[in-house]
Structures are given as C-alpha cells and as structure tokens.
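Here is a walk through one structure, taken in short steps. Keep the sequence and the model side by side as you read.

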Amino acid sequence: MQAKDAITREATDSRQSMRAYLAALQDAGDLVTISQPVSPDYEIAACLAEADSGPALHFSQVKGASGVRGMPVVGNLLNSLPRFALGLSSATNTLQAALIAAIEQPLPHRLVSSAPCQQDIIAEPSLVDELPIPRFFEKEAGPYITAGAIIAKDRLGGHANLSIARLMPLGGNRAFVGIAPNHHLAMLARAAHGRGEKLDIAVSIGNHPAVLVAACLYLGLGDDELPIAGSLLGEPLEVVRCIQSDLVVPAHCECVLEGTLDAGEPFTEGPVSEFHGMYEDYGAGIVASFSSLTRRRDAIFQVILPGYHPEHCLLGGVAIAAGLHRAIRNAVQCVCAVAVGVGGAGRLHAVVALRTPRAGEARKAMFAVWAAVNLIKQVIVVDDDIDPWNTQQVEWATATRVKPDRDFVIIPAVRADRSEPLEQAGTVTKFGIDATRCPGDRPDWDLARPPEAALKRARQILCENQLV
C-alpha cells in the first residue's frame with residue numbers, strides 16, 4: 001500500500017487520525033509529495049526549513065543505512081492559523097473560543113479493544129533502526145523525535161499528563177527526554193523516583209491535530225489534557241490500552257513507544273535548538289528506556305521542525321494564547337482575544353485585545369499575563385478593533401495610539417525561564433505597551449474611509465470581476 005493511498009483510505013475509516021487531516025490538506029492542495037530520495041540526516045530538515053511557511057511535505061522515499069526505508073515522513077502540517085482551524089474544524093476567528101470551550105468541557109475518552117497503532121509489535125526496539133528519525137541542526141548531538149505526544153500517569157496520586165518533549169536516541173532502546181525541571185512530566189518522574197520506581201510512559205507519534213494541540217496546553221498539575229482532545233474533535237477520543245502498562249494512547253495514531261522514564265539516570269544532552277532559533281545547553285536531563293514499539297503496518301512518521309519555525313512556534317503559541325485568555329479574564333473581564341504569534345517565537349510576546357477598557361485595565365492585563373506564563377516577556381495591549389494576530393495592525397496601533405513616556409511599562413529583574421534567550425543570573429526585564437486609545441489624545445479616532453454605500457458597491461463590482 002502506497003502512503004498516499006493509505007492516507008485516502010484512513011480518511012474514510014477514522015476522522016481521529018493524522019491521515020484524515022492529511023487527506024484534508026491534500027484536498028485543499030496543501031500537501032506536496034517529495035518523491036526524490038532524501039536523507040534523514042539534515043536533508044528532511046533542510047527541505048522543511050526552506051518551505052516552512054508553505055505546503056505540508058510528504059517524503060515518500062527516505063534513505064536508510066541499507067537503501068530506502070519503508071516508512072515515509074510528513075512535516076510542516078500546522079504552520080499557519082488556517083491549518084490549525086482546518087485541523088480542528090473551526091475558523092481562525094473562532095479557534096480560540098473553541099480551545100477555551102474544550103478546556104472547560106472535556107470529553108472522557110472511549111476505550112477500544114483493538115487499534116491500528118498496534119498492528120505490528122517490536123520488542124526492545126532499536127529506535128534509529130525502526131524509525132526514520134531526522135537530524136535537524138548541525139550543532140546538535142544527534143537525531144530527535146520531535147512530534148511525540150507523551151502520556152504518563154502517577155501511580156499513587158493518579159495525576160495524568162499529556163505533553164510534547166523532544167527525544168534523542170542514545171543507542172538501542174534508550175533515549176534522552178528533553179523536559180524542564182518544572183515540566184509536569186519531570187515532576188511525575190521525580191515523584192516515582194522518590195518511591196524507588198520508574199514512571200511508565202507512552203510516546204504517541206503521528207497524531208491528529210487535536211491531540212497535538214491538547215498536548216501543548218498549559219494546565220494545572222493533574223489536569224489531564226487527553227480528554228480535551230476529544231472535546232476538540234467533537235466526540236470522545238478513541239484510546240487503546242498499552243500492551244505493557246495501564247496507560248491509554250490515541251487509537252488512531254501511527255506509532256507508540258512504550259517504556260519508562262528514570263529520573264535517577266541523568267544524561268547531558270549538549271547544545272539543542274530552542275524555539276527562539278538559537279542553541280541552549282541545559283545540562284543533564286532524564287533518560288527513557290522503551291520495551292516495545294507498536295505501529296501501523298504502513299505507518300507514517302510525523303516530524304515537527306524545531307527551532308524558530310512556524311509550526312514549532314504556533315503549536316506553543318496557539319495553546320498558550322488560549323490559556324492566557326482564560327487567565328486574564330479572571331482579572332480583566334473585557335478581554336476578547338489573545339495572540340502569541342510567530343514573531344515572538346510562540347512563547348515570548350503576547351498581544352491582548354480588550355473591549356472598551358477602563359483606566360488601568362491594560363496594565364492589569366499585562367501583569368495577569370506575566371503571572372500566568374513566566375515565559376512571556378513582552379505584552380502589548382490593544383483595543384478590540386485590532387486583530388491581535390495581525391502584526392501589521394498591532395504595529396499600527398503602537399504607532400498611532402502610544403505615548404512612550406506614558407504607555408511603556410518596564411519591570412526589571414523578574415525571574416526568567418531557563419529558555420529565555422537573554423536570561424542572566426536567572427532574571428530578565430519584562431516590557432509592556434499600552435496601545436489602547438486614550439480619549440484625551442485626539443478629538444476623534446474616526447478612520448478615513450469611503451462611504452459605506454460606495455464600499456458595498458465596490459465589493460459587488462470586484463466580486464463580479466473575480467477580484468474578491
């Protein structure tokens with residue numbers, strides 16, 4: 001079965017699979033198959049980087065040590081807001097509301113007895129031999145699995161977690177897992193280690209966008225993200241129990257690595273690319289060992305191009321923005337939208353739109369953002385006539401509505417996240433801009449426009465000439 005045919009076939013079987021989304025991209029003309037043989041050592045990454053704002057790429061001929069491997073690779077699937085909207089059956093202007101609704105009304109998953117992702121079972125898998133894992137950037141120590149959604153659950157407390165982290169194979173069935181110490185997965189691993197145990201994990205690869213977005217959400221410890229994926233789908237997510245643990249994984253994913261995470265086995269990763277586009281060296285991290293690999297017989301391997309590239313930035317940014325919207329509205333009820341876009345690497349800059357804010361509410365919104373997500377360094381607050389995701393509109397608002405001596409907020413020496421590119425001695429300066437209208441600044445704020453009747457007629461004329 002060719003991968004292209006498999007995509008079409010699976011789309012008719014389950015709308016919960018990555019293949020259903022690939023079929024939708026194919027129908028929209030947004031999926032391109034690369035038929036030339038490509039090496040997983042940098043060539044896949046280079047193609048994805050050169051086309052990082054273009055169509056999704058499907059590599060049908062991936063070179064291996066003994067020729068061409070059988071497992072194709074796909075990437076650049078979610079590199080724009082319209083792609084997220086397509087994947088979540090939404091529109092760009094309702095996407096954030098859909099995410100918030102899913103967080104607040106999760107759907108319990110549905111357990112099934114068998115699943116496509118368990119058609120083949122490989123015991124004690126050699127990761128680099130069984131999977132076409134790419135090398136991305138020249139200073140990194142090895143290849144990385146970058147699209148793995150990691151499922152874990154604390155045996156005693158019952159805290160569940162779905163998250164994304166990079167995995168670098170270390171030889172055989174072992175891999176380094178790149179998670180920050182304050183990551184919920186790291187906390188669960190340390191708790192297990194404190195009891196003299198290893199933490200059971202499952203890494204699901206090749207997921208529907210709903211699962212990937214849910215895995216990127218910033219929720220509280222113990223808040224299970226997996227049911228949120230079902231709410232995003234509009235139906236309970238079908239899951240299957242792992243073959244060697246009680247964990248459940250998305251039934252319609254492509255591959256699953258089952259194993260354990262050992263917080264007592266440190267490994268020093270070396271330089272690694274970060275969302276801001278440069279390298280960081282975080283020192284020692286945690287190692288996982290995998291006892292089995294289950295997969296579809298015609299599995300497709302998904303990659304997310306790491307570093308400063310749209311898909312990597314937006315996966316974080318779209319999820320963080322939805323969480324920030326919820327956090328800000330507890331402090332400032334007039335919030336109507338939040339953006340965390342590619343310009344700020346999907347982590348560092350936020351734009352908040354407020355509806356008719358009262359005096360002081362723009363600053364209150366800034367502090368609510370900084371309190372909710374430590375990574376955010378810059379916050380711009382705009383009125384609701386500005387689309388916070390539209391960088392040109394935001395820049396226009398700062399150009400026409402801001403008096404720097406009045407509207408800039410600078411907070412020095414704030415605790416920084418370890419991935420902040422300008423962190424020094426654990427701190428960084430936070431920066432806010434109030435770009436909302438101040439009534440006393442101008443006698444009126446009316447925009448220069450033709451009359452509405454003329455605009456309506458113009459739209460009709462342009463439509464008849466197929467220009468709009």
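Two strands count as paired if DSSP finds at least two bridges between them. The model here is predicted. In it, three bridges join strand 2 (residues 56-59) to strand 5 (residues 73-75), and the two run antiparallel. Within this pair, H58 stands opposite V74 of strand 5.

Now widen the view. Strands 2 and 5 belong to an open sheet of four strands, ordered 1-2-5-19, with mixed pairing. Strand 1 (31-34) and strand 19 (301-302) each have a single partner strand, so they stand at the edges and leave one side without a neighbour in the sheet. Helix 2 packs on this sheet and touches strand 1, strand 2, strand 5 and strand 19. The direction of helix 2 makes about 100 degrees with that of strand 1. Helix 3 (residues 43-50) packs on the sheet too, touching strand 2 and strand 5. Its direction makes about 155 degrees with that of strand 2.

Next, the interior. Nonpolar side chains tend to be buried together in soluble globular proteins. The largest nonpolar core here has 54 residues. Among the members that touch the most others are L22, F84 and L162. Several elements give two or more residues to this core, including helix 2 (18-27), helix 5 (95-104) and strand 8 (148-153). Helix 8 gives the most, with six residues. L162 touches, among others, I150, V211 and L226. A second, separate core of 49 residues includes L48, A192, I201 and F301.

Last, the cysteines. How many disulfides does a search of the whole structure find? It finds zero. For C336, the nearest cysteine sulfur is that of C334, 7.8 Å away. A disulfide needs the two sulfurs within 2.5 Å, so C336 is in none.

Conventions
Residues are numbered from 1 along each chain as its sequence is written. This is a predicted model: local features need pLDDT of at least 70, side-chain atom pairs count only at pLDDT 80 or more; totals for chains, interfaces and linings use all residues. Side-chain values use heavy atoms; hydrogens and water are left out. A nonpolar core is a set of buried Ala, Val, Leu, Ile, Met, Phe, Trp, Tyr and Cys residues joined through side-chain atoms within 4.5 Å. Buried means under 20% relative accessible area, exposed over 50%, partly exposed in between (1.4 Å probe, protein chains only). Contact means heavy atoms within 4.5 Å. Axes are lines fitted to C-alpha atoms, for helices over the stretch in contact, and angles run from 0 to 180 degrees between N-to-C directions. Lists of a residue's contacts leave out its neighbours within four places in sequence.
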